[in-house]
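User: I have a structure open and would like to talk it through before I go back to the bench. Could you take my questions as they come?

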Amino acid sequence: MARATPLLDIILARIGRDGPMSIGHYMELCLQHPEHGYYRRADAIGVQGDFITAPEISQIFGEIVGAWAATVWAMMGAPARFSLVELGPGRGVLMADALRAAARAPGFLAAAQLHLVESSQRLRQEQRARLAGHGPIWVESLAEVPPGPAILIANEFFDALPIRQFARAEGAWRERLVAAKGGALHIALGAALASEDAARFFLPAAAEDGEICEVRPAVGEIMAQMARLAEGGALAALIFDYGHRGEGLGDTLQAVARHRFCDPLFAPGESDLSAHVDFAALARAARTSGLTPHGPIPMGRFLLELGAAQRLQALLAGASEAQRERLLSGFRRLTAPLEMGELFKSFALTAGLAEPPPPFRD
Ligand code: SAH
C-alpha cells in the first residue's frame with residue numbers, strides 16, 4: 001500500500017508514460033521536486049523535525065569544523081582570498097558555529113568568500129537568517145564557484161545524493177527500478193546489463209545471485225568540479241556521513257520521518273530519503289580527478305583528536321544545569337561508538353597541501 005501524496009500521482013503518471021524509473025530518479029523527485037519534494041519543507045531538520053544532524057545536536061561539532069578550517073587555511077599559507085564552500089548547509093547552523101570559532105584566526109573571516117551550495121529555496125531562507133552577516137553567495141552547484149583556494153565542508157550531503165541500485169539475478173546485473181501496480185509502488189528488476197555497462201558502474205564481474213550494489217552517479221562530477229577549483233589554488237574538503245568502505249552492504253536506501261524509519265516507497269515526498277555513502281567509491285573518484293583522499297576515520301575520533309572534550313569542559317564551566325545536560329548528552333551522542341561516533345565517518349580530500357590535514361595521518 002502507498003499513502004496518496006501529490007508526488008505519488010506525479011510518479012504514477014510518469015511510470016505510466018515512460019515505464020519503471022531508476023531509484024536515482026525516484027530519489028531525486030522525492031527530495032528535489034520544486035513543489036512536492038521533501039526539501040521544500042522548512043521543518044525537515046532539527047529536534048522538532050524529521051531527522052537531527054550533528055550540528056543540530058551540539059555546537060561543538062560546528063566549532064571543531066571551524067577550527068579545522070582555520071588550521072587548513074594556515075597550512076595553505078593563509079591566502080588573502082579563498083572560497084569557503086558548504087555543500088547542503090541545511091539550516092545554516094554548522095556554518096554559523098564554524099565561523100564563530102574560525103573568527104579567532106586573525107584574517108580568516110576577511111579572506112573567506114562564503115559559497116552555499118543549496119537546492120532548496122526554503123532552506124536558503126533559513127541559511128540567510130543565520131548567515132546574512134557573512135555575505136554568502138548561493139549557488140546551485142560547485143560549477144558556479146570560481147577556481148582558486150578553497151575549503152569545502154559537507155555534512156550529510158553525499159548521503160542525500162541519488163543512488164542507483166543493481167541486483168544480481170540469474171547470473172547478470174539488473175537495475176532495481178521503481179514500478180507501479182494498482183496505484184502502489186514496488187521494486188522491479190530491469191533487463192540484464194551488458195558486461196561493459198556493468199564495468200562502467202564498477203559492478204563486480206563475479207557475484208552471487210541476490211547481491212545488491214549501489215552507485216552514486218553525481219560523485220564523479222562533484223570530484224571533477226573540486227579538481228577544477230584546485231587548478232587555481234590549494235583545496236581541502238571535509239566530508240561527514242554515515243557509510244562504509246565499499247564492503248557492499250546491499251540495499252541501504254532508507255526513509256526517515258518523525259525520527260523513525262519507514263518504507264521508502266510508502267509516501268513519496270513525505271520522508272527524508274538517503275543511502276549509505278561508499279567512501280571507497282568517493283576515494284576512487286577523487287583519485288581519478290587528481291585529488292588526494294584521507295580517511296575515512298570514525299567521526300568520534302575526528303572530534304576527540306581535535307579537542308572536542310576540552311571544548312566541552314570550557315562550555316560546561318559557564319553552563320546552567322539545563323545547559324550542562326544538553327552539552328553532555330550532545331557530546332556523548334556525537335562521540336560514543338554506539339551512537340554516532342563510529343557509524344558516521346570523517347573523510348577529507350586535498351590538493352596542493354604538503355601534509356594531510358589534521359587529524360588524518362595517511
Ligand atoms: N548539512 C546540514 C543538512 C543536511 S540535509 C546539516 O548537517 O544539518 C542535506 C542538505 O543538502 C539540505 O540542505 C539539502 O537541501 C541539500 N541538498 C541535497 N541535495 C542537494 C543537491 N543536489 N544540490 C544542492 N543541495 C542539496
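User: By class, how many nonpolar, polar and charged residues are in the shell around the ligand?
Analyst: Keeping in mind that this is a predicted model, the shell around the ligand holds 8 nonpolar, 7 polar and 2 charged residues.

User: And which residues are the closest to the ligand?
Analyst: The ligand is surrounded by 17 residues, and the closest of them are Gln32, Thr53, Gly88, Glu118 and Asn155.

User: What does Gln32 do there, in terms of distance to a ligand atom?
Analyst: Gln32 places a polar side-chain atom 3.0 Å from a nitrogen atom of the ligand. Backbone atoms take part as well, since a backbone N or O atom of Gly90 lies 3.0 Å from an oxygen atom of the ligand, and a polar backbone atom of Ser119 is 3.3 Å from a ligand nitrogen atom.

User: How much of the ligand's accessible area does the protein cover?
Analyst: On its own the ligand has 580 Å² of accessible area, and the protein covers 93% of that.

User: Changing topic to helix H2, why call it largely enclosed?
Analyst: Helix H2 spans residues 23–32, and 7 of its 10 residues are buried, so the helix is largely enclosed by the rest of the structure. The buried ones are Ile23, Gly24, Tyr26, Met27, Leu29, Cys30 and Leu31.

User: What covers those buried residues of H2?
Analyst: The cover includes helix H1 (6–18), strand S1 (21–22), strand S6 (164–169), S7, strand S8 (184–192) and S13.

User: Let me pick Val178 next; where is that residue found, and what is it in contact with?
Analyst: Val178 belongs to strand S7, residues 172–181. Apart from neighbours within four places in sequence, Val178 contacts Ile15, Pro20, Met21, Ile23, Tyr26, Leu185, His186, Ile187 and Leu265. Ile23 and Tyr26 are also among the buried residues of H2.

User: Is Val178 buried or exposed?
Analyst: Val178 is buried, because its relative accessible area is 1%, and the cut-off for buried is under 20%.

User: Then how about Phe108, buried or exposed, and which residues does it touch?
Analyst: Phe108, in helix H6 (residues 108–111), is buried as well, with a relative accessible area of 1%. Leaving out neighbours within four places in sequence, its contacts are Ala69, Ala70, Trp73, Phe82, Leu84, Leu99 and Ala102.

User: How far apart are Phe108 and Ile187 in space?
Analyst: Their C-alpha atoms are 50 Å apart, and the two residues are 79 apart in sequence.

User: One more residue, His276: where is its place, and is it buried or exposed?
Analyst: His276 sits in the loop between strand S13 (272–274) and strand S14 (277–278), and it is buried, with a relative accessible area of 16%. Not counting residues up to four places away in sequence, His276 touches Glu214, Arg216, Tyr242, Gly243, His244, Leu249, Thr252 and Leu343.

User: Stepping back to the chain, what does the secondary structure come to, and why say the chain is as compact as a globular protein?
Analyst: The chain has 14 helices and 16 strands. Its radius of gyration is 21 Å, close to the 21 Å that the globule rule gives for 362 residues, so the chain is as compact as a globular protein of that length. The C-alpha trace spans about 60 × 45 × 35 Å along its principal axes.

User: And what fraction of the residues count as buried?
Analyst: Of the 362 residues, 56% count as buried. Among contacts between residues at least 6 apart in sequence, 75% join residues at least 24 apart.

Definitions and conventions: Residues are numbered from 1 along each chain as its sequence is written. This is a predicted model: local features need pLDDT of at least 70, side-chain atom pairs count only at pLDDT 80 or more; totals for chains, interfaces and linings use all residues. Side-chain values use heavy atoms; hydrogens and water are left out. A residue is near a molecule or strand if one of its heavy atoms lies within 4 Å of it. A polar contact is a pair of N or O atoms within 3.5 Å; within protein, one must be able to donate a hydrogen and the other to accept it, and residues adjacent in sequence count only if both atoms are side-chain atoms. Accessible areas come from the Shrake-Rupley method with a 1.4 Å probe; for residues, only the protein chains shown count as cover. Ala, Val, Leu, Ile, Met, Phe, Trp, Tyr, Cys and Pro count as nonpolar, Asp, Glu, Lys and Arg as charged, and the others, Gly among them, as polar. Helices (H or I, at least four residues) and strands (E, at least two) are DSSP runs, numbered from the N terminus. Buried means under 20% relative accessible area, exposed over 50%, partly exposed in between (1.4 Å probe, protein chains only). Contact means heavy atoms within 4.5 Å. The radius of gyration is taken over C-alpha atoms; the globule rule is 2.2 Å times the number of residues to the power 0.38.
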